[in-house]
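Subject: Handing over a structure, with notes

Dear colleague,

I am passing on the structure below, and I would be glad if you kept it open while you read the notes that follow it.

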Amino acid sequence: MDFYILYVCASENDRLQQLDFIILGGGASGLQLANRLSKSDAYKASSILILESDQHKANDRTWCFWETGEGEWDDLLQNQWSKVQFKSQSIDKTIDLGDTSYKMLRSKPYYDLLHKNIAQNKSVQIKYERCTGFSDKGSHVIVNTEQNTYQCSTLFNSIFDWNILRQMQQYPVLQQHFLGWYIKTPTPVFDVQKAVFMDFTVPQKQETRFMYVLPFTKTDALIEYTLFSEKLLDKSEYESAIRDYLKEKNINDYELVEVEQGSIPMCSYPFWKHNTKNVHFIGSAGGWTKASTGFTFKNINRKTIALVNHISANKPLSRFAKKNRFWWYDLLFLDVLSKHNHMGAQLFSGMFGKNSPKRIFRFLDEQSHFFQEILIMRSFPTLLFVKQFFKRLFGTHH
Ligand SMILES: Cc1cc2nc3c(=O)[nH]c(=O)nc-3n(C[C@H](O)[C@H](O)[C@H](O)COP(=O)(O)OP(=O)(O)OC[C@H]3O[C@@H](n4cnc5c(N)ncnc54)[C@H](O)[C@@H]3O)c2cc1C
């Protein structure tokens, strides 16, 4: 998005409809935040406008996350698994998740449900207009779209801008990029009991590359070729990797039903520094994507709840986003992974080989205790991380 300074004269200003909240982007975080605001005691009567550029959003994402027990999105789940497999040249481990499940939902039912919920509250509206810029005037925010100009007290922005990452050098930028095939086979070939979380046995080509397999039935699965690396591949390279993988598993007869492709930012850049008094960045644009893994969906759940509670308690928006020790862990991990991208399989094998799933998930959920974090860190090559830590400490990182 190109930002520019808006000049709005007083008379025009008077004509603009004053809204309490504008949310830029009606995707995962924007819709969830609008829904929670419109259901909260403090804001159920507030006027909320969602500005979304894409009127035809459907199954553009498959969201997975782990969760213990029942959860808010259970009615929408397409599947869940109680076991996940981690595989590399050094280990092959099928992990029983116990009371935790690896859950999966597709985005269309999620968008549909939230649109339906939002439509029940007359003070929330969605307009399909592309936002072109906004400006915090101190007492209010002016938002421009290709068609209109709006004014609000508080703006939440979920529009991700890759240019922010391209223009800085302080933090390494990797992408979790992937292409996935939904396939159907004529005979049963998949083990529906377990999801293949990471299979690093595919050629690494000096990078961090793995297969991710989500079986829904014995004949239906999503096979996703995933990389944690700097540059995207040609489409044909993802495709031939999937083809080779299926061939190696003796799956030669299949129908390609659907394709999913995406790229998720992996960077410790402090996105929240773009927040102003009345403008707050949310979702991936607000740094809610876990930098070391790309997982975002669960953070969106947690943070939208926490954000509504925070403002309901009249706390200033500027105090919401905070750096914690996990930010440092992610930063060091990405420093190492970007410099030694060929070591991804080794790093993840160390973590999955030497730690219980409970400990790993608590760590990735940023809910672990310091002692558990020490144990996780001991499963990585210590010297490499210590070296990186001192580079960051003394500002000699390049
Ligand atoms: C294919 C894919 C699969 C993923 N799978 C997982 C997963 O399994 N687990 C997980 O935790 N995370 C996953 N993620 C990461 C993350 O959960 C999603 O990217 C999630 O959608 C992020 O939510 P968001 O609200 O930040 O952004 P989005 O959901 O992308 O919402 C931003 C919205 O802004 C709109 N927009 C953009 N520009 C404009 C503009 N100028 N004006 C108006 N509107 C605009 C877009 O159309 C979009 O609807 C995945 C991401 C992708 C791309």
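A good place to begin is Ile23, which, once its neighbours within four places in sequence are left aside, is in contact with Gly30, Leu33, Ala34, Ile48, Ile50 and Phe156. Please bear in mind throughout that this is a predicted model.

Strand 1, which covers residues 18–24, has five buried residues out of seven, and it is therefore largely enclosed by the rest of the structure. Strand 1 is joined by six bridges to strand 11 (residues 149–157), and the two run parallel; in this pairing Ile23 stands opposite Phe156 of strand 11. Strand 1 also runs parallel to strand 2 (residues 48–51), to which four bridges join it, and here Leu24 has Leu51 of strand 2 opposite it.

Ile23 also appears in the account of the nonpolar interior: the largest nonpolar core has 94 residues, and the members that touch the most others are Ile22, Ile23, Ala34, Val143, Leu155 and Ile223. The element that gives the most to this core is helix 7 (residues 325–339), with seven residues. Phe333 is found in helix 7, and it counts as buried because it has 21 C-beta neighbours inside 10 Å, where 20 or more are required. Between the C-alpha atoms of Phe333 and Gln80 there are 29 Å in space, and 253 residues separate the two in sequence.

Turning to the overall division, the protein chain is split into domain 1 (10–59 + 105–167 + 267–319), domain 2 (174–265) and domain 3 (325–393). The C-alpha centres of domain 1 and domain 3 are 32 Å apart, and seven residues of domain 1 are in contact with six residues of domain 3. On the side of domain 1 that touches domain 3, there are three nonpolar, three polar and one charged residues by class.

Where does the ligand lie with respect to domain 1 and domain 2? Both of these domains give residues to the shell around the ligand, so the ligand lies between them. In total 31 residues surround the ligand, and the closest are Gly25, Gly27, Ser29, Gly262 and Gly283. Sorted by class, this shell has 13 nonpolar, twelve polar and six charged residues. Helix 2 (28–39), strand 3 (62–68) and strand 16 (255–266) each supply at least two residues of the shell, and the largest share, four residues, comes from strand 3.

Ser158 leads back to some of these residues, since I would read its contacts together with the list just given. It lies in the loop between strand 11 and helix 4 (162–166), and Ser158 is buried, with 25 other C-beta atoms within 10 Å. Apart from its neighbours within four places in sequence, Ser158 is in contact with Leu24, Gly25, Gly27, Ser29, Gly30, Ile282, Gly283 and Ala285; of these, Gly25, Gly27, Ser29 and Gly283 are among the residues closest to the ligand. The C-alpha atoms of Ser158 and Ser47, by contrast, are separated by 18 Å, with the two positions 111 residues apart along the chain.

Two residues deserve a careful look for their backbone. Most residues other than glycine have a negative phi. Lys205, which is not a glycine, nevertheless has a positive phi of about 45 degrees, and Gln206 likewise has a positive value, near 65 degrees. Lys205 is placed in the loop between strand 13 (194–199) and strand 14 (209–217), and Gln206 lies in the loop between strand 13 and strand 14 as well. Are they buried or exposed? Lys205 counts as partly exposed, with 14 C-beta neighbours inside 10 Å, whereas Gln206 counts as exposed because it has 11, and 12 or fewer are enough for that class.

Lastly, Asp253 is found in the loop between helix 5 (235–248) and strand 16. With 10 C-beta neighbours inside 10 Å, Asp253 counts as exposed, and yet, not counting residues up to four places away in sequence, it touches Thr185 and Pro186. Asp253 and Thr187, which are 66 residues apart in sequence, have their C-alpha atoms 8.7 Å apart in space.

With best wishes

Notes
Residues are numbered from 1 along each chain as its sequence is written. This is a predicted model: local features need pLDDT of at least 70, side-chain atom pairs count only at pLDDT 80 or more; totals for chains, interfaces and linings use all residues. A residue is near a molecule or strand if its C-beta atom, placed from the backbone, lies within 6 Å of it. Ala, Val, Leu, Ile, Met, Phe, Trp, Tyr, Cys and Pro count as nonpolar, Asp, Glu, Lys and Arg as charged, and the others, Gly among them, as polar. Domain bounds come from an automatic or database domain assignment. A nonpolar core is a set of buried Ala, Val, Leu, Ile, Met, Phe, Trp, Tyr and Cys residues joined through C-beta atoms within 7 Å. Two residues are in contact if their C-beta atoms, placed from the backbone, lie within 7 Å. Two strands pair if DSSP finds at least two bridges between them.
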